[in-house]
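Here is a short briefing on charged pairs and a surface patch, written to be read alongside the coordinates. Please have your viewer ready.

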Amino acid sequence: MKVLIAEDHPLLLQSVCWKVQKEGFEVQGVVDGQQAKDFFISYQPDIVITDFMMPFVTGPEFIHFIRHEQNSNVPIMVLSQMGLEEEKVRCFDLGADDYLTKPFLPGELIARLNRFKRMRLAV
C-alpha cells in the first residue's frame, strides 16, 4: 500500500517515513501542503498522513482538496501538536478519518495505518 506523508519538520518526516517503510508500506514524503497536493495527484496514495500546520497549504485545506476537489475517499490521518478539540472537530468535519496528537508512539501510528490497510483490503 502507498502512503503519502506530508510533514514540514524534516527530521520528523524522515523518521515517520522510515518507520512506515520498515513496516512494509511504500512511502512518499513531502515537506509542504502544495507538494502534498501535487504528489496526491501523481502518486495516488492508498493512505494519507498530513500535518495540521504546513506552509502554503494547511492540513485542513489539503483534506478539503482530497475530499471535495479530488472526490477521493482515501483514508486520511492528521498529525498535530495542538490537539485542541476545535481543530480535531474541524478536521473530522472536513473528512479526516483519524487524528493523532504529537508526540505520538511509533507503534500506535503503525497500528492505525494497519487498521486503514485492513479497511481498504476489505472493500
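On the surface, M53, M82 and L84 make up a nonpolar patch, and together they offer about 280 Å² of accessible area. Please keep in mind that this is a predicted model. Beyond the patch, there are seven salt bridges to look at.

**The nonpolar patch**
- M82, one of the patch residues, sits in the loop that runs between β4 (76-80) and α4 (85-94).
- With a relative accessible area of 44%, M82 is partly exposed, because that value falls between the 20% and 50% cut-offs.

**The D98 network**
- Which residues are linked with D98 in a network of salt bridges? They are E108, R112 and R115.
- R112 pairs with D98, and their closest N and O atoms are 2.6 Å apart.
- This contact joins distant parts of the chain: R112 belongs to helix α5 (residues 106-122) and D98 to strand β5 (residues 98-101), with their positions 14 residues apart.
- D98 also forms a salt bridge with R115, where the closest N and O atoms are 2.9 Å apart.
- Here too distant parts of the chain are linked, as strand β5 holds D98 and helix α5 holds R115, 17 residues apart.
- Both R112 and D98 are buried; D98 has 7% relative accessibility, so it falls under the 20% cut-off.
- R115, by contrast, is partly exposed, with a relative accessible area of 31%.

**Another charged pair**
- K19 and E23 bring their side chains together in a salt bridge of 3.5 Å, N to O.
- E23 is partly exposed, at 34% relative accessible area.

Terms used: Residues are numbered from 1 along each chain as its sequence is written. This is a predicted model: local features need pLDDT of at least 70, side-chain atom pairs count only at pLDDT 80 or more; totals for chains, interfaces and linings use all residues. Side-chain values use heavy atoms; hydrogens and water are left out. Patches are made of residues with over 30% relative accessible area and no salt bridge: like charges are joined within 9 Å, nonpolar side chains (Val, Leu, Ile, Met, Phe, Trp, Tyr) within 5 Å. Accessible areas come from the Shrake-Rupley method with a 1.4 Å probe; for residues, only the protein chains shown count as cover. A salt bridge is a side-chain nitrogen of Lys or Arg within 4 Å of a carboxyl oxygen of Asp or Glu. Helices (H or I, at least four residues) and strands (E, at least two) are DSSP runs, numbered from the N terminus. Buried means under 20% relative accessible area, exposed over 50%, partly exposed in between (1.4 Å probe, protein chains only).
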